[in-house]
Amino acid sequence: MTFEHDVVVVGAGGSGLMAALYAREGGADVGVVSKLHPLRSHTGAAQGGIAASLGNEEEDHWLWHAFDTVKGSDYVGDQDAIEALCKDAPRTIVELEHYGVPFSRNEEGTISQRRFGGHTRNFGEAPVKRSCHAADRTGHTILHTLYDQCTKQGVRFYDEFQVLDLIMTEDGECAGVVAYEILTGEIHTFHAKQVCFATGGYGRAFETTSNAHAGTGDGMGIMLRNGIPLEDMEFVQFHPTGLYRLGILITEGARGEGGILRNSDGERFMERYAPTVKDLAPRDLVSQCIYQEIREGRGVQGENYVHLDLTHLDNAILDKKLPEVTEFSRTYMGVDPKEEPIPVVPTCHYAMGGIPANEDGHVEMGERGEYVPGLYAVGECACVSIHGANRLGTNALLELVVMGRRTGIEMAKQVRQGKDYAPLPETPEDDTRTMLDDLLSNTRDEGEPIVNVRSELQETMMENVSVFRNDDTLSTALNDLQGLRKRAKNVVVDDKSKRFNTDLMDAVEVGFMVDYAEAIAGGARNRTESRGAHSREDYEERNDEDWLKHTLFHSDGNGNYEFDDKEVVITRFEPKERSY
Amino acid sequence: MAQTNALNWFLHRITGTFLIFMLITHFWVQHYDHQAASVTHEVVTEKNEMPDYPDEAKEGVRARLGPDAAATPYQVVMQRLADPVYAVLWKGFNILFLVVALHHGFYGLNNVMTDYIRAPMGRLIARTLSWTVALGLLIIGMYSVITAGW
Amino acid sequence: MAVDTKERPSAPQQTDASAEQEGRFQSYRIRTGMFAWMMHRLTGVGLVVYLIVHIWGLTALTDPETFNALIAKYHSPIFKVGEFALLVAVAYHAMNGLRLVLIDFLGWSPKQKKLFWTLGGVTAVIIAVGGWPSIYALGEWLLGPGSMPTLFL
Amino acid sequence: MAEMQLNIEIKRYNPEDDDGPHWESYEVPADPLDSALSLLLHVKWHIDGTLSLRKSCAHGICGSDAMQINGENKLACSVLVQDLVDGDGDTITYAPLPSAPVVKDLIIDQSRFFEKYREVKPWLITDGPAPEREREQSPEEHAMIEDATKCIMCGACTHACPSTWADPDYLGPAAMLKAYRYTFDSRDDGAEERLDVVDSPDGLWKCYTIFNCNEACPKDIDITRWLSALKRRAATSQASTKA
């Protein structure tokens, strides 16, 4: 079946819904295609907050916010995009508030703000209260409010339709997407004037992750297979405080409210590494410090975790401002944070890299301005690059809503200005059909269970491509991935039915995983320096002379790839040493 | 169609609360009356035997109906209703009690029925039927109460 | 193009077996709230039936013979048992009703479990004290006069 | 490694092949701190790939995996083995949410659930133009709705409600909690519109304060409390319109 919409948004998290909502308000007819029901999207898991220089609690300025973001990115973020982000932030937050987001309030009745890692006043002087929040359910309330608004505005939702392919014309224009309706097993074509990818991150490519089971980065795999490069994939953020063994996130807000990291000696070790901001240093730094402590034998009880200590905080703070933290620790670890410290370990959290896009969402093939007509990317799957080599806490939600808004407005404008449908090729669904049929025809004789391939991929990525990397580990990972690529094509799908075949979708996702995992490991091996979240043991220093640039990863989808560069935009802030 | 049930919902709770107090009064006056042999001389009799009343009650009945009159329950009740103040209070109370109990009971019954009957027509029939029964009972009850002791 | 958020592109086919899942009654773990509700319904329906019988019985007020016969019947053992059951139903329904009123009118939902147990205790006392005459009378009848302790009486 | 072996019973049903729902058992290794979801994933990944369920975040915020576990509605990811069984060899039962059309195995068709959600106009309705900055709201006003904003729309409450079982058209706790959340938002002006919807024969008055919703809610929302508040609001607003 073929569906037609002015705008088709793929993915219904914060950025997808924001783009859909603003495109709809701009007069476009919008369809949102998502492999989950929109409310199941992972934006809902974002806890701590959303940054904006509202200045409700103390003096603040968008330029300070921009500086922090640039510095946080280790100077590889594009400063024009960062300026757009920080300038747009306050008005976007106010618009969200007008849509009904139930932000926590201060005594004046305005939006309450709190401290967060890496956010400072006056260009690094001291921590600043910049993070707007709804207790520790900020992402959840934003996601639900946006869904409510989209419902109101008449955005058409295609829930549980998994997009598997992009439809490109011979002239390189995007004509739509191909989607698999999970409920019925039917393959559909979505013909659109504008296609926007908002497919989220790929945390599930790593063994320990805070990401949802759905966070398999499908969009990035689809792009690679359609000849579109990925940018800066080597920058993978590990959040310092995931629950030990599970990876479930304990928000940075816990440290924002005064929580302290301690090693086996009970020492507040962050004082040694970042004397000014201590536990509120950026995530890349804190994660590396935790790993360092564990390596040097100061993991708690000889194990590979450290403690997040909240016992000295008022019970009222835990109950009012961090209820989810308390709940998670109790539910999953049997630990009451009021009584004892929480065992934590860095957990794969966020993809800084992704589909190259500009600040209005246009996907760019190579050089700046070289747009793919009709194709947009926004949110975690996109690399605008705001976060550069490391994202600051609360800037992710901000990117979702600011860039989602800008992209929605841009798409509606294009539609109003007469952008028309690109012609559909004759049989757009053929590749997808073949891929699915091949997977379904695999048998136990030549293939293996999906879980084997996925687990091995997650293990090798965790082992070799996580917080610390070197040429040996990265070569090992790339080698493993070569083998896994073949095996992923032969996985056996037990479920042969048409109806709600999640088994088949698992198999497809593993295939995508291999494709972009290669971009992560390959990019990391390629970048012979340490910058932000990318920490090479064999190249410990940042090297601005050779590496103050973005990586573009091109692949033919068969394990052959090459790299390309893209310059970094610098407007105000010249690169300097990054210390906290 | 104005389909609000807000008033009924509110009344259901008000009547329920009222009923608690009314029931206490009702029990006290009707069943635990010290003149009747309830509290002090609760008895189980064989079939169709009359309970024995205390002397006080017997005397009251004899004073009204002559020295040979038997103190049957009917006579005891009539003796009480002979007092005009008591009779008015008793009748007023019982009519109110009747109305409140019927509303509470039949609204509750309607709740149960509309839970399990989903077709609008079915609901309408059930509702009409049950309120008709309630109305019938109201008429019967009022007649009994008003004419009692005449 | 008309935009309709309500209709799915293709709704799942309802089969008989999937409808089976939708029984009016489900087997589900019974906790205090649901127990209270089930008993409330049961006693409520029972009391409506009793109310009908009782009001019908009032017509006897017009005729001495019928009335006396009726009262005599009330003193038979089976009616003593019924009387006790009536007390149980009324006491339970009244006390749980009070709980519902407190929850709905005063917003005492957070205290609902405490209320359940407290009012449950009160109900038990009401039943014990109020029902004692009936139990006493039944005991006397069953076991012979003077065999029951004369508590409260 | 695993500390015990458990017996897992799952109510399976694929309308494509099966005549009707049936129970199947699996032996699964488990730790006391494993979630009920991880046992299901063990079955799906290692024993039988045809087992179908929804899952996503796996820590109780996305609301995908609400189902009936040991006779009660729960989020599979948010309940631990140690809270379900006493020890080795015990049984855990999994069934789809009661009173919902089954798509396959543990997956229910939620279209009716979300239709009810849409019915209550679940969005902020405001009169007049928006101010330059945020609308002000005091912490006390915010506290009125905060508990209700925790709702993840998993459906555990609505499908735990005997009123829903008896009458699938009943709006149900989840939808009406949404109505509460917006009606009691100090920024909202749409109370009348929304009350018109919930004050109906299949609406608010079928809440008999049974508390199954509260017991089922994985976010511990005091749903009954807020629905009672909504009832009082609907009743007083009816009284004032009539007057």
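Biologist: Why does Leu7(B) count as exposed?

Modeller: Leu7(B) has 53% relative accessibility, so it counts as exposed (over 50% is exposed, under 20% buried and in between partly exposed, with a 1.4 Å probe and protein chains only). Bear in mind that this is a predicted model: local features need pLDDT of at least 70 and side-chain atom pairs pLDDT 80 or more, while totals for chains, interfaces and linings use all residues. Residues are numbered from 1 along each chain as its sequence is written, chains are lettered from A and ligands numbered from 1 in the order in which they are written, and side-chain values use heavy atoms, without hydrogens and water.

Biologist: Where is Leu7(B), and which residues share its nonpolar patch?

Modeller: Leu7(B) belongs to helix α1 (residues 6-31) of chain B (helices are DSSP runs of H or I, at least four residues, strands are E runs of at least two, and both are numbered from the N terminus). Its patch partners are Phe10(B), Leu11(B), Ile14(B) and Phe18(B), and together they offer about 430 Å² of accessible area.

Biologist: What makes α3(A) roughly perpendicular to α11(A)?

Modeller: Helix α3 (residues 79-99) and helix α11 (residues 395-416) of chain A pack at about 90 degrees, their axes 9 Å apart. That angle makes α3(A) roughly perpendicular to α11(A) (65 to 115 degrees; under 35 is roughly parallel, over 145 roughly antiparallel and the rest oblique). Among the residues making the contact are Ala84(A), Asp88(A) and Thr92(A) of α3(A), and Val402(A) and Arg406(A) of α11(A) (heavy atoms within 4.5 Å).

Biologist: What makes Glu448(A) and Arg487(A) a salt bridge?

Modeller: Their side chains meet at 2.5 Å, N to O, which fits the rule (a side-chain nitrogen of Lys or Arg within 4 Å of a carboxyl oxygen of Asp or Glu). The pair links distant parts of the chain, 39 residues apart: Glu448(A) is in the loop between α12 (430-441) and α13 (450-464), and Arg487(A) is in helix α14 (residues 471-489). Glu448(A) counts as buried because its relative accessibility is 18%, while Arg487(A), at 25%, counts as partly exposed. Over all chains, the search finds 80 salt bridges.

Biologist: How do you know that the pair of Asp169(D) and Arg118(B) joins two chains?

Modeller: The two side chains form a salt bridge at 3.3 Å, N to O. Asp169(D) sits in the loop between α4 (162-166) and α5 (172-183) of chain D and Arg118(B) in the loop between α4 (84-116) and α5 (120-147) of chain B, so the pair joins two chains. Asp169(D) has a relative accessible area of 38%, so it is partly exposed. Arg118(B), with 32%, is partly exposed.

Biologist: And what do Asp48(D) and Arg12(D) tie together?

Modeller: Their side chains form a salt bridge at 3.1 Å, N to O. Asp48(D) lies in the loop between α1 (36-47) and β3 (66-69) of chain D and Arg12(D) in strand β1 (residues 4-12), so the pair ties together parts that are 36 residues apart in sequence. Both Asp48(D) and Arg12(D) are buried.

Biologist: Why is Gln149(A) called buried, and what does Gln149(A) touch?

Modeller: Gln149(A), in helix α4 (residues 138-153) of chain A, has 3% relative accessibility, so it counts as buried. Leaving aside residues up to four places away in sequence, Gln149(A) touches Leu21(A), Tyr99(A), Trp123(D) and Leu124(D).

Conventions. Patch = residues over 30% accessible without salt bridge, like charges linked within 9 Å, V, L, I, M, F, W, Y side chains within 5 Å. Areas by Shrake-Rupley, 256 points an atom, 1.4 Å probe, with all protein chains shown as cover. Axes fitted to C-alpha atoms, helices over the stretch in contact; angles between N-to-C directions.
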